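Okay, hi everyone. I've got a few minutes to walk you through a structure, so let's put it up and take a look together.

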Amino acid sequence: MDILIKGNTKLSGEVEISSAKNSILPILAASILSSEPVTIHKVPLIKDVFIIAEILETLGLQLEWKQQDITISGLAFSTHPPFDLVRQIRASFLLMGPLLAKYGKARIAFPGGCAIGHRPIDLHLKGLQRLGASIHLTAGDVMATAQRLYGAHIYLDYPSVGATENLIMAASIAEGTSYIENAAREPEIVDLANFINAMGGKISGAGTGLITIEGVKKLSGVEYQAIPDRIEAGTYMVAVAATSGNALIKNVIPEHVKAVSAKLMETGAVIEEEKNQLWVQGSQEVQPVYIKTLPYPGFPTDMQAQMMAYLSRGKGSSIISESVFENRFMHVPELKRMGAKIRIEGRTSVIEGKSRLTGTTVKASDLRAGAALVIAGMMADGITMVKDHQHVERGYENLAQKLNLMGAEIHYRDSPGQAL
Ligand code: EPZ
């Protein structure tokens with residue numbers, strides 16, 4: 001699916017942020033742990049959510065949608081999700097912990113790498129083994145079995161978000177208490193812990209490097225709403241600054257986007273925070289900055305591409321160092337096609353700035369790279385076509401519609417729309 005973006009946009013007005021994709025995905029997986037129906041409210045209607053929901057249904061769970069509320073109930077009759085669904089989304093590996101804990105076994109295809117790197121699962125598997133699972137790799141699948149899971153002390157070599165989530169879910173109904181050291185601290189981890197505690201779990205320390213999980217016998221039903229999507233919010237914040245716009249971002253937790261706000265203010269943008277919304281005012285002149293992506297609360301890797309598009313019009317050279325993934329500069333060649341002056345040196349990019357972007361045809365390689373190209377298209381002179389925009393749709397609810405309400409002119413190529 002391709003979209004066309006008219007350049008020289010100045011975003012204004014307001015935008016409402018949806019529930020966090022990276023909370024909803026593990027929360028959907030964790031619903032497997034409950035012995036009663038679970039309802040999640042205001043679920044973003046995006047492809048990643050639909051794929052995980054479909055996987056749950058193929059396992060035998062009943063799913064009922066009411067607008068954006070989804071109720072999950074029943075038991076799984078299978079613990080081996082189909083490959084054609086699993087291969088579409090790395091987050092399907094988050095089903096491993098809950099299936100193993102609830103049913104004593106799980107068989108899930110090794111998650112493929114994706115555009116941003118090979119993304120192994122060694123930390124997930126090491127942690128599950130510490131909890132008592134036996135793990136076999138066979139024919140491209142990970143097979144895990146465990147009569148019972150027992151509380152354990154787990155040290156994560158790296159604060160992996162997914163590994164932390166899988167292990168929290170597995171340990172939540174294990175026998176005894178587990179400790180995860182060097183755990184990921186992302187807000188989505190806290191959200192998952194709050195969700196499991198709302199079902200009767202006993203998790204403490206989420207959001208810090210040491211998470212304690214006291215296993216309980218059963219988890220009951222619950223109604224829950226996830227936190228706002230801090231990466232969606234950050235993307236709109238950067239888009240407003242990049243187009244020298246002025247707009248209100250509603251339904252955001254300012255604390256969760258602190259690193260992005262701080263960097264945007266360093267470039268000269270003005271950010272005014274209120275309780276659950278914030279104003280962004282872009283500046284004509286963009287000061288260059290140095291950014292290093294880090295696990296939360298550091299600058300988020302999921303915001304790196306979007307910032308790079310913005311910094312292409314900086315007054316001088318900015319530097320972005322990508323410490324989380326080993327190959328997350330797929331957007332650089334596309335931005336260069338639009339006139340950005342960027343050179344990659346290992347895991348660091350130098351963005352020379354002072355460039356006026358020109359619209360052309362570019363290709364989205366992954367979700368956040370695609371978002372960066374949409375921002376660049378709004379900044380550029382002329383019209384930009386972003387090919388493979390479906391990557392963006394999988395993680396941003398109604399992106400084109402939300403931006404058009406803020407003054408952008410974005411149309412799907414194969415749908416009638418006035419000439420741009
Ligand atoms: C989550 O991915 C997010 N996805 C990613 O967002 C995000 O970029 C990432 O965390 C980092 O914040 C979801 O939450 C669904 P990791 P995840 O495990 O869990 C290495 C987006 O755009 N690693 O923290 O896969 C890994 O190779 C997506 O919404 C191991 O070495 O991230 C990577 O270099 C993209 N062994 C680093 O850790 C392991 O067992 C971070 O991975 C696991 C990870």
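Before anything else, a bit of vocabulary: when I say α or β with a number, I mean a helix of at least four residues or a strand of at least two, taken from DSSP runs and numbered from the N terminus. Also, keep in mind that this is a predicted model.

Let's start with the ligand. How many residues surround the ligand? There are 21 of them, and the closest are D122, L123, S160, D302 and V324. If you sort the shell by residue type, you get nine nonpolar, five polar and seven charged residues.

Now, where do those shell residues sit? The elements that give two or more residues to the shell are α1 (21-30), α5 (122-130), α6 (161-171) and α12 (367-379). Which one gives the largest share? That's α5, with three residues. And if you think in domains, the shell takes at least three residues from domain 1 (2-18 + 228-413) and at least three from domain 2 (21-225).

Let's zoom in on some individual contacts. The side chain of S160 has an N or O atom 2.7 Å from an oxygen atom of the ligand. With G162 it's the backbone instead: an N or O atom there lies 2.8 Å from a ligand oxygen. Then there's R368, where a polar side-chain atom is 2.8 Å from an oxygen atom of the ligand. How much of the ligand does the protein cover? On its own the ligand has 820 Å² of accessible area, and the protein covers 87% of that.

Right, on to the strands. Find β3, residues 38-41, on your screen. On one pairing, β3 runs antiparallel to β5 (residues 69-73), with three bridges, and I40 stands opposite I70 there. β3 also pairs with β13 (residues 222-225), this time parallel and through four bridges. In that pairing, V38 has V222 as its bridge partner.

There's another strand with two pairings, and that's β22, residues 383-387. β22 runs antiparallel to β1, with four bridges, and K6 is partnered with I383. β22 also runs parallel to β21 (residues 361-363), with three bridges, and here K363 pairs with K387.

If you like hairpins, scroll to β15 (residues 270-273) and β16 (residues 277-281), which are antiparallel and share four bridges. Three residues make the hairpin connection from β15 to β16. V270 is the one standing opposite Q281.

Next up, charges. Side chains of opposite charge can pair when their charged atoms come close. Counting nitrogens of Lys or Arg side chains within 4 Å of a carboxyl oxygen of Asp or Glu, we get 21 salt bridges. One of my picks is D2 with R413, at 2.8 Å from N to O. Why point that one out? D2 is in the segment before β1 (3-6) and R413 is in the segment after β23 (410-412), so the pair ties together parts that are 411 residues apart in sequence.

Last stop: backbone oddities. Most residues other than glycine have a negative phi, and most peptide bonds are trans. Which peptide bond here is cis? Look at the one from Y296 to P297, with omega near 10°. P297 is in the loop between β17 (290-293) and α10 (304-311). As for phi, check A139: its value is near 50°, so to speak on the positive side, in a residue other than glycine. You'll find A139 in the loop between β7 (134-138) and β8 (141-145).

And that's my tour, thanks for listening!

Notes:
Residues are numbered from 1 along each chain as its sequence is written. This is a predicted model: local features need pLDDT of at least 70, side-chain atom pairs count only at pLDDT 80 or more; totals for chains, interfaces and linings use all residues. Side-chain values use heavy atoms; hydrogens and water are left out. A residue is near a molecule or strand if one of its heavy atoms lies within 4 Å of it. A polar contact is a pair of N or O atoms within 3.5 Å; within protein, one must be able to donate a hydrogen and the other to accept it, and residues adjacent in sequence count only if both atoms are side-chain atoms. Accessible areas come from the Shrake-Rupley method with a 1.4 Å probe; for residues, only the protein chains shown count as cover. Ala, Val, Leu, Ile, Met, Phe, Trp, Tyr, Cys and Pro count as nonpolar, Asp, Glu, Lys and Arg as charged, and the others, Gly among them, as polar. Domain bounds come from an automatic or database domain assignment. Two strands pair if DSSP finds at least two bridges between them.
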